[in-house]
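This report covers one protein chain, from its overall make-up down to a few residues. The sequence and structure come first.

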Amino acid sequence: MSHLNDHAAPERSGYTSVDTEPIVHLGGDGPAFSRRSALKAMLSMAGAAALFGSPVAAFAVDEEPQASQETLDALSDAQAEYDAVKTQLDEISAQYQDLSRQLDETMGQIEDVQAQIDQTQAEIDAKQAELEEKQRALSERVAEDYKDGGNTALALLLSSATLDELISNAYYLGKMNESDRQAIAEIHDIQEELSQRKEDLETQKAELEALKEQQAEQLAEMQAKQQEVQETLSGLDGEVQQLIAQRDAEIAEAIAEAEAEEQRRREEEEARRQAQQGSGGVPDLPAAGSGQDYNAASAAQKRIVDSCYYTPCPGPNYCAKWVSWVFNNAGYGRVYGNANDMYSAWCTSSSKDNLQVGMIIAVSTHSHTIAGSIWGHVGIYIGDNKVMQNIGYINTQDLDSWIQYYGTTVTPRWGWANGIDLSAQ
């Protein structure tokens, strides 16, 4: 496992996420706070933390700042009403689209019927021309016979050489006249049929035109309703946005008040610390400097760091138990006792020149919690000026911040747990 980049990360796979962890009470290991709130406060309190040397874990709040219940209720009601109107608008839009498709279908039917009407009229016109042509030809033939005094037909009969030919010619003349009459009658019948078809189509078209007008009116009504609902929705959207802005402003105000209160508390604590220092009540803290870098550590030392990352949290108030588990999981046996026991037994140096990767770092007591004042606190130095520790969850903290925060009563010290010098292995 490489730790060039990720060995300083505060959260590892298998550990509880700071974002989702509920409020925990750290007992001797640290104060009670909401992890999500701690993250939010991290940036805003960075200046104060740097000034007073306190870790992020010192920012304690009982719950996340929030807006007034009145504002939250109003926002919830406005959002619910907005959602209901939005649903109504969606339904109207769906109905409008459906009605538009129906109107389009009606217009298509009107177009088809009109094409049939045009075709029928063309057929009527063609039959009328044919009728007029036959009537003209018949009229001319009758007129010609009249001029000849009927001599053409008589000549045809008299020219018959035999009786059979005479009968045949007479029959032909009768058929010819009957054919003319039948052709004219058929044309008349076709004209009447086409006229009826055209009349039926025009009736169908009129019905479709009426349906089209009705659908157009429904669409117009739907558009007006859609516009009305859209205006209502726009008004509600503005109200929701206004309430969101009000909520955010109230949350920002609550956060500012919480930060101001935390700032005041830290200033009071710093003033108390300075007063104690003047009377000799504050221990000497390790001078500025750096501990060993991770890359300079031995394989055995890095094994301890690896174990820090995969050893789970045993629960709040068990900082010493977690350290014991880490060493046991790395193959170096348990480290027995509470943090104050480990401090007394193995933590002998306060010089950063002697601080090496894998050493435990502890205080026998600190003033932040009652449990801490009795049992103290312990962590493990993982290199690059970082300390890993159990404070209700596995946390990585800057070394100087750790020293400033926990060094309120005794000098923070470090050393090899169980007396095993890992740098030599």
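## Burial and Cys 319

A residue counts as buried when its relative accessible area is under 20%, as exposed when that area is over 50%, and as partly exposed in between. The model discussed here is predicted.

Cys 319 has a relative accessibility of 4%, so Cys 319 counts as buried. Cys 319 belongs to helix H7, which covers residues 319–329. Asn 338 is 19 residues away from Cys 319 along the chain, and the C-alpha atoms of the two are separated by 8.3 Å.

## Trp 375 and a nonpolar patch

For Trp 375 the relative accessibility is 43%, which means that Trp 375 counts as partly exposed. Trp 375 is part of helix H9, made up of residues 370–375.

On the surface, Trp 375 joins Ile 370 and Ile 374 in a nonpolar patch of about 350 Å². Helix H9 spans residues 370–375, and the patch residues carry the numbers 370, 374 and 375.

## The whole protein

The protein contains 10 helices and 5 strands. It has 425 residues, and 37% of them count as buried, Cys 319 being one of the buried residues.

The accessible surface of the protein amounts to about 22,900 Å². Carbon and sulfur atoms account for 50% of that surface. As for contacts between residues at least 6 apart in sequence, 72% join residues at least 24 apart.

Conventions
Residues are numbered from 1 along each chain as its sequence is written. This is a predicted model: local features need pLDDT of at least 70, side-chain atom pairs count only at pLDDT 80 or more; totals for chains, interfaces and linings use all residues. Side-chain values use heavy atoms; hydrogens and water are left out. Patches are made of residues with over 30% relative accessible area and no salt bridge: like charges are joined within 9 Å, nonpolar side chains (Val, Leu, Ile, Met, Phe, Trp, Tyr) within 5 Å. Accessible areas come from the Shrake-Rupley method with a 1.4 Å probe; for residues, only the protein chains shown count as cover. A salt bridge is a side-chain nitrogen of Lys or Arg within 4 Å of a carboxyl oxygen of Asp or Glu. Helices (H or I, at least four residues) and strands (E, at least two) are DSSP runs, numbered from the N terminus. Buried means under 20% relative accessible area, exposed over 50%, partly exposed in between (1.4 Å probe, protein chains only). Contact means heavy atoms within 4.5 Å.
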